[in-house]
Amino acid sequence: MTQQTRDARPTEAPPSGDPILRVQGLKKHFPVGGGFLRKASILKAVDGVSFDVYPGETFGLVGESGCGKSTLAQTIVRLYEPTAGTINFNGNDLSALSASRLRPHRREIQMIFQDPYSSLDPRMTVGGIVEEPLRNYGEPDRRERVRELLLQVGLNAYFVNRYPHEFSGGQRQRIGIARAIALNPKLVVCDEPVSALDVSIQAQVLNLLRGLQQEKGLTYLFIAHNLAVVAHISDRIGVMYLGKMVEVGSTKAITTDPRHPYTKALLSAAPIPQRHLRRERIILRGEVPSPLNPPTGCRFHPRCPIAADRCTQEEPELRVVGPGQTAACHFA
Amino acid sequence: MPEPVLEVRDLKTQFFTRDGVVKAVDGVSFAVHRGEAVGLVGESGCGKSMTSLSVMRLIPQPPGKIVAGEVLLHDEGTAQDLLKLDESEMQHIRGRLLSMIFQDPMTSLNPVLTIGFQLTEPLKIHFNMSEDDARKRAVELLQQVGIPAAAERLNDYPHQFSGGMRQRVMVAIALACNPKMLIADEPTTALDVTVQAQLLDLIKELNRETGTAVLIITHDLGVVADLCDRVMVMYAGQIIESGTGDEIFDHPQHPYTVGLMQSVPRLGPTVRDPLVPIEGMPPDLIAPPAGCRFRPRCPRAIAKCIEPPPRVFLGGEHYSSCWLAVEGVEDEPALAGERA
Ligand SMILES: Nc1ncnc2c1ncn2[C@@H]1O[C@H](COP(=O)(O)OP(=O)(O)OP(=O)(O)O)[C@@H](O)[C@H]1O
Ligand SMILES: Nc1ncnc2c1ncn2[C@@H]1O[C@H](COP(=O)(O)OP(=O)(O)OP(=O)(O)O)[C@@H](O)[C@H]1O
Ligand code: SF4
Ligand SMILES: [Mg+2]
Ligand SMILES: [Mg+2]
């Protein structure tokens with residue numbers, strides 16, 4: 001469980017070849033607060049996000065609560081209809097496909113959810129939960145597959161007849177993982193899969209995810225708000241703020257040479273359990289503004305320690321700031 | 001070392017449930033001194049909140065009960081045992097000498113009262129302040145915790161504040177009467193990291209400036225490393241290791257403490273190194289394992305571990321409750337096949 005999960009791939013090299021997932025200009029807007037004689041306002045949860053994910057890598061997404069990570073994930077797996085933009089998966093634009101044309105692609109993209117308590121149907125047995133996707137796609141030898149899957153995620157095969165409430169958070173997350181990998185997907189979108197778990201259990205699940213990735217050549221889109229967790233598992237990282245991607249780079253670049261002032265603040269604020277690495281923190285002013293009414297210009301400007309006049313007017317685009325590294329800041 | 005402000009001795013708190021007696025806090029002893037920030041860390045369910053609620057005398061009874069121990073609060077040269085006070089005496093202590101910040105601000109802010117009322121009320125009660133003086137002090141406090149336009153916000157209700165601001169209002173209320181002792185139970189768990197950094201900074205500053213003793217409860221080792229002079233590690237209802245920040249982070253002795261540290265990814269050059277999880281799960285506190293409670297999960301357990309380990313002092317302020325810390329015990333046979 002330990003040494004062999006060490007990732008041998010160099011994390012600095014920018015990826016090459018064709019991406020498995022290419023997201024371009026993706027937007028998801030929600031109408032909110034509308035009612036009798038009242039116009040709904042538009043909440044721009046995801047507001048023009050572009051990034052690529054390459055086969056076999058883990059692309060991490062970090063950002064604070066409400067910045068749009070889950071909305072982005074759910075739009076990519078088409079639980080939400082995108083407002084604008086394209087989602088290119090293995091050469092097919094998923095955003096343009098009808099439900100029936102989407103179906104064969106859907107099995108290749110699976111999702112693991114944050115809450116190990118509400119994401120499993122309490123009335124179904126563990127066996128039923130893991131078997132469901134196999135049944136949906138008419139797969140053969142389902143009994144045998146379910147047993148295999150349970151073993152692969154470190155659960156006992158005799159758990160098949162038990163119900164989710166009989167399991168701990170970490171065990172439930174393993175059940176969710178078994179279900180997500182049942183159809184041998186290419187891409188697994190993991191939305192905060194360890195955030196609700198205690199640290200010792202979190203480490204067990206992170207190791208499991210890494211091991212499965214190596215065994216099955218999975219590609220992960222991995223979401224968390226904890227930068228250390230994201231950095232641990234990811235080859236590359238995208239940093240989100242208020243519905244926008246503000247920086248993308250290799251894990252090494254993001255954690256040692258961040259260029260966007262928000263990434264710098266996030267890195268400096270992350271509590272580190274090593275006394276000798278204690279450092280000066282960049283303490284940001286104020287709090288994340290509401291996506292209903294985002295600031296003009298650069299959305300980060302009201303909290304940015306280096307904001308200038310230009311930042312209040314002109315919205316910065318993502319631009320290349322280093323090998324394989326892009327940042328959306330006028331001064332990056 | 002400066003004088004102690006809070007001394008907890010052999011505290012035991014239990015919950016009487018249909019399934020049995022939950023030994024939530026099982027013989028906890030510690031002290032917090034003037035000007036000191038002490039961290040209490042451990043995983044979910046190990047008894048951190050029940051320890052702090054016992055000190056505050058806020059354990060829901062039934063089903064809970066403090067069954068043994070002493071909680072001494074020192075004030076001006078005298079100490080009183082909070083466990084011997086009645087509720088009206090306790091109310092006089094809470095908020096004035098001893099304050100607490102809770103994880104969820106909405107559980108302790110009253111939604112139907114204005115922030116101004118909630119801030120001025122304790123000042124009027126405990127210090128007989130006039131309405132005007134209390135409002136002036138309230139504005140000062142809100143400014144101190146970084147609420148902009150504080151004077152205008154006194155008449156606002158809690159729901160009109162964001163999560164981070166509510167948490168800061170709670171700090172302001174907790175500090176209104178200059179308490180000797182502040183207990184913060186996961187004060188930042190619900191907050192974003194950048195806002196969390198603001199709040200921790202604030203608590204640390206107050207601790208330094210006013211000498212308020214602080215007990216911070218968290219499961220985040222990083223928060224403790226940044227903030228605390230001393231660290232106590234709790235497992236299954238007991239403190240199993242304690243020491244200064246440097247002692248615990250640089251020379252952890254207890255296999256559980258070591259396990260916790262190896263379980264968390266660390267930002268820095270080693271961030272992608274494999275994690276070494278602690279196998280298994282924490283025990284049920286109705287029937288905890290005999291001997292060392294960590295034994296079923298411990299990678300280094302020996303035959304001796306079937307007996308309760310002694311508290312071994314390791315120099316400085318460092319102690320650990322583990323048989324391996326006892327000199328000469330290392331050569332004992334390993335506990336093969338014991339691990340579940
Ligand atoms: N179905 C919905 N209808 C309206 N607003 C929504 C909906 N889903 C999300 N939002 C809003 O969109 C914004 C982004 O939410 P989202 O859940 O994507 O954030 P997140 O980054 O995943 O946050 P967290 O870290 O808290 O999970 C938030 O302001 C949220 O309130
Ligand atoms: N009302 C109750 N009835 C029965 N058992 C209880 C009750 N309240 C708490 N307990 C038990 O007491 C033990 C200690 O709980 P406590 O809330 O102190 O844990 P904690 O360390 O604060 O955990 P967390 O990190 O999740 O806040 C737990 O095992 C819990 O199940
Ligand atoms: S006393 Fe034994 S079982 Fe407990 S932590 Fe020490 S070595 Fe492990
Ligand atoms: Mg989310
Ligand atoms: Mg608690």
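**Close-up 1. The shell around ligand 2 in this predicted model.** Ligand 2 has 15 residues around it, and the closest are Ser44(B), Gly45(B), Lys48(B), Ser49(B) and Met50(B). Sorted by class, that shell splits into seven nonpolar, five polar and three charged residues. If you'd rather think in elements, β1 (4–17), β2 (20–33) and α1 (48–55) of chain B each put in at least two residues. The top contributor to the shell around ligand 2 is α1(B), with three residues.

**Close-up 2. Polar contacts of ligand 2 with Ser44(B), Gly47(B) and Met50(B).** Zoom in on the oxygen atoms of the ligand here. Ser44(B) uses its side chain: one of its polar atoms sits 2.5 Å from an oxygen atom of ligand 2. Gly47(B) and Met50(B) work through the backbone instead. For Gly47(B), a polar backbone atom is 3.0 Å from a ligand 2 oxygen, and for Met50(B) the distance from a polar backbone atom to an oxygen of ligand 2 is 2.8 Å. As for burial, ligand 2 on its own has 640 Å² of accessible area, and the protein covers 69% of it.

**Close-up 3. The shell around ligand 1, over in chain A.** Here, too, 15 residues surround the ligand, with Ser65(A), Gly66(A), Lys69(A), Ser70(A) and Thr71(A) coming nearest. The class tally for ligand 1 reads seven nonpolar, five polar and three charged. α1(A) has the largest share of this shell, three residues.

**Close-up 4. Polar contacts of ligand 1 with Gly68(A), Lys69(A) and Thr71(A).** Start with the backbone: an N or O atom of Gly68(A) lies 3.0 Å from an oxygen atom of ligand 1. Then come two side chains. Lys69(A) has a side-chain N or O atom 2.8 Å from an oxygen of ligand 1, while for Thr71(A) the side-chain distance to a ligand 1 oxygen is 2.5 Å. Ligand 1 would expose 640 Å² taken alone, and the protein buries 66% of that. Stepping back to the elements, β1 (21–32), β2 (41–53) and α1 (69–76) of chain A are the ones that give two or more residues to the shell around ligand 1.

**Close-up 5. The residues around ligand 3, in chain B.** There are four cysteines to pick out in the list: Cys292(B), Cys298(B), Cys305(B) and Cys322(B). Also surrounding ligand 3 are His254(B), Pro255(B), Phe294(B), Arg295(B), Arg300(B), Ala301(B), Trp323(B) and Leu324(B). By class, that's nine nonpolar residues, one polar and two charged.

**Close-up 6. Helices α3 and α4 of chain A, packed together.** α3 covers residues 126–136 and α4 covers residues 142–152. Their axes are 10 Å apart, and the packing angle is about 120°. That angle is why α3(A) counts as oblique to α4(A). The crossing of this pair, α3(A) and α4(A), is right-handed.

**Close-up 7. A helix from each chain, α9 of chain A and α8 of chain B.** α9(A) spans residues 261–269, and α8(B) spans residues 193–210. Their axes come within 9 Å and cross at roughly 55°. With that angle, α9(A) is therefore oblique to α8(B). As for handedness, α9(A) goes past α8(B) in a left-handed crossing.

Key:
Residues are numbered from 1 along each chain as its sequence is written. Chains are lettered from A and ligands numbered from 1 in the order in which they are written. This is a predicted model: local features need pLDDT of at least 70, side-chain atom pairs count only at pLDDT 80 or more; totals for chains, interfaces and linings use all residues. Side-chain values use heavy atoms; hydrogens and water are left out. A residue is near a molecule or strand if one of its heavy atoms lies within 4 Å of it. A polar contact is a pair of N or O atoms within 3.5 Å; within protein, one must be able to donate a hydrogen and the other to accept it, and residues adjacent in sequence count only if both atoms are side-chain atoms. Accessible areas come from the Shrake-Rupley method with a 1.4 Å probe; for residues, only the protein chains shown count as cover. Helices (H or I, at least four residues) and strands (E, at least two) are DSSP runs, numbered from the N terminus. Ala, Val, Leu, Ile, Met, Phe, Trp, Tyr, Cys and Pro count as nonpolar, Asp, Glu, Lys and Arg as charged, and the others, Gly among them, as polar. Axes are lines fitted to C-alpha atoms, for helices over the stretch in contact, and angles run from 0 to 180 degrees between N-to-C directions. Angles under 35 degrees count as roughly parallel, over 145 as roughly antiparallel, 65 to 115 as roughly perpendicular and the rest as oblique. A crossing is left-handed if the near helix is turned anticlockwise from the far one by less than a right angle, and right-handed if clockwise.
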